[in-house]
Amino acid sequence: MSEVDVLFASLRQAADPQTVECIEKVVTHGSDRELNRINVLAFADKHHLDEEKTIAAFLHAARIGAFEMTWNVLCPGCGGVLDSGATLKTVVHETYHCALCAAGYEPTLDEMVEVTFTVSPRVRRIAAHDPDRLPPLEYYRQIFFSSGVDLPDDLEARFSRIQLEMIELAPGEKAFVSLQLPAQFVIIFDPVTHSAQFIDVQGEPTDERQTLSMIISRTHALNETLTLRPGSLRLTLENHTDRRVVPNVCIAGDELHDLLGRRRPFLTAKRLLTNQSFRDIYRTDTLDVDQRLKITSLTFLFTDLRGSTALYERVGDLAAFDLVRAHFRVLHEIVATEAGAVVKTIGDAVMATFPSPDRAVAAALKMREAMLRLNAEHGSDDLLLKIGIHEGPCLAVNLNDRQDYFGQTVNIASRVQGLADPNVIMTTEAIVEDAQVSEILRDSGISSASRMAELQGIGREVRIFALS
């Protein structure tokens with residue numbers, strides 16, 4: 001049995017067999033492009049697979065070394081990859097600048113950090129393992145642009161309509177290019193170093209030859225927009241790096257914007273951090289202790305058992321422990337089925353996160369039903385669950401050697417749970433105003449009653465809603 005066979009045999013034991021079979025087929029028969037920076041959500045959609053099972057399968061594949069997981073910081077404007085690393089710990093800058101868009105962005109884990117998977121060289125060697133040997137447009141497709149940019153299959157033909165020139169320059173090489181400037185906005189851009197020069201071509205055409213020099217380096221300065229006239233341009237390009245560069249000169253018009261504006265869903269860092277499989281597999285090596293990464297919207301769910309101390313007194317330590325453990329097992333399973341993750345347990349309480357409010361509410365309803373079933377099986381109302389939900393911005397942090405969350409959103413969710421009565425789901429306005437949550441409540445026949453409440457340590461009244 002080969003090493004690859006051993007890896008996939010191990011993967012079949014850890015992940016969904018149908019998903020693993022599909023991954024193995026693509027590894028065996030797919031193109032090189034299909035195995036580089038895989039967009040897991042697009043992969044699941046193309047092969048009609050469950051998204052959560054597909055995410056889990058690729059996570060396990062990365063853990064055993066069959067695939068390499070990459071965290072890419074993206075430009076929300078053009079979709080280009082501004083930085084890339086093997087872990088989230090590499091996202092260390094307060095601001096990331098996109099030379100192509102001439103804009104700076106503070107990284108958030110919602111839409112600015114994607115997670116992709118590339119087949120390991122030990123499983124199959126692909127062209128992207130040596131990116132400097134990729135054809136120029138393939139470098140753009142496979143290395144520069146994120147997996148969320150839905151580039152067309154006929155990219156070469158489409159790009160040729162706006163491309164004035166594209167060349168390859170070896171380390172230290174200089175090239176002279178002659179071209180005709182149209183009366184449009186033109187960009188010179190290199191995707192390897194992210195060097196850019198903007199040219200606003202306007203005015204009367206000129207018969208005189210214009211000249212422009214551009215040095216491509218790792219520490220390139222931000223260039224001011226130049227104004228030139230339509231006509232002949234003598235362009236000098238110098239590569240001052242130790243890598244091949246592939247600068248292109250193109251027209252920045254509607255066609256370019258249309259190409260870059262085609263987007264598709266991708267696996268965000270936020271979604272992965274709130275995925276139970278990820279938390280189970282990568283327990284402690286997600287964030288550095290000094291990192292504080294922003295998430296603009298995350299949904300928190302807190303639960304607690306009312307009267308658990310009395311339960312131990314009433315039924316005895318052993319019976320109570322088994323019952324509480326069964327309750328934890330059920331809650332973990334429900335959280336995972338709704339694309340959430342259990343962050344931690346505190347005594348008999350659970351703190352969980354979800355990528356959206358509707359997932360949290362769906363999980364809460366399932367939890368309530370599950371506790372009623374467990375109580376019916378034991379012939380008593382020993383498990384009285386209190387649930388609170390809130391959504392908002394937060395910080396992803398490392399606390400006590402594990403990935404955790406910090407901020408007022410977390411505090412409010414915890415306090416809201418503290419106001420809940422047994423078997424009543426307590427939420428905030430941010431939750432019930434979500435369109436998908438409204439649909440769930442309407443379809444489930446769930447009514448809500450609201451009131452203003454002062455939450456301890458919050459310093460202001462908050463409108464809360466009891467779902468019963």
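**View 1. Both faces of strand 16 are covered in this close-up****.** Ala349, Met351 and Thr353 are buried on one side of strand 16, and Val350, Ala352 and Phe354 are buried on the other. Here, buried means under 20% relative accessible area, exposed over 50% and partly exposed in between, with a 1.4 Å probe and protein chains only. With six of its six residues (349-354) buried, strand 16 is largely enclosed by the rest of the structure. Please keep in mind that this is a predicted model, in which local features need pLDDT of at least 70 and side-chain atom pairs count only at pLDDT 80 or more, while totals for chains, interfaces and linings use all residues. Residues are numbered from 1 along each chain as its sequence is written, and side-chain values use heavy atoms, leaving out hydrogens and water. Helices (H or I, at least four residues) and strands (E, at least two) are DSSP runs numbered from the N terminus.

**View 2. Strand 16 is joined by bridges to strand 14 and to strand 15****.** Strand 14 (residues 293-306) runs antiparallel to strand 16, and five bridges join them. On that side, look for Phe300, whose bridge partner in strand 16 is Thr353. Strand 15 (residues 341-346) also runs antiparallel to strand 16 and is joined to it by five bridges. There, Val342 has Ala352 of strand 16 as its bridge partner. Two strands count as paired if DSSP finds at least two bridges between them. Follow the chain from strand 15 to strand 16 and you trace a hairpin with two residues in between. In that turn sits Gly347, with a positive phi of about 65°.

**View 3. Five strands make an open sheet in the order 6-13-8-9-11****.** The pairing in this sheet is mixed. At its edges stand strand 6 (163-166) and strand 11 (226-228), each with a single partner strand, so one side of each lacks a neighbour in the sheet. For strand 6, zoom in on strand 13 (residues 248-251): three bridges join these two strands, which run antiparallel. A handy landmark is Gln163, which stands opposite Cys250 in strand 13.

**View 4. Three strands form an open sheet in the order 7-12-10****.** Pairing is mixed here. Strand 7 (174-181) and strand 10 (206-216) take the edge positions with a single partner strand each, so one side of each is left without a neighbour in the sheet. Eight bridges link strand 7 with strand 12 (residues 231-239), and the two run antiparallel. To find your place, start at Leu179, whose bridge partner in strand 12 is Leu233.

**View 5. Leu7, Phe8 and Leu11 are the buried residues of helix 1****.** Seen down the axis of helix 1, these buried residues fall within an arc of 90° (taken from the directions from the helix axis to the C-beta atoms), so they line one face of the helix. Their cover includes helix 2 (17-29) and helix 4 (51-63), where contact means heavy atoms within 4.5 Å. A quick geometry check is easy too: at 1.5 Å a residue, the 12 residues of helix 1 (residues 3-14) should span 16 Å, and its end C-alpha atoms are 17 Å apart, which agrees. The expected span is 1.5 Å times one less than the number of residues.

**View 6. Helix 3 and helix 10 mark the two ends of the confidence range among the elements of the protein chain****.** Helix 3 (residues 40-46) has the highest mean pLDDT, 98, and helix 10 (residues 308-315) the lowest, 61. This score is the predictor's confidence in each residue, from 0 to 100. Across the protein chain, pLDDT averages 92, and 96% of the residues score at least 70.
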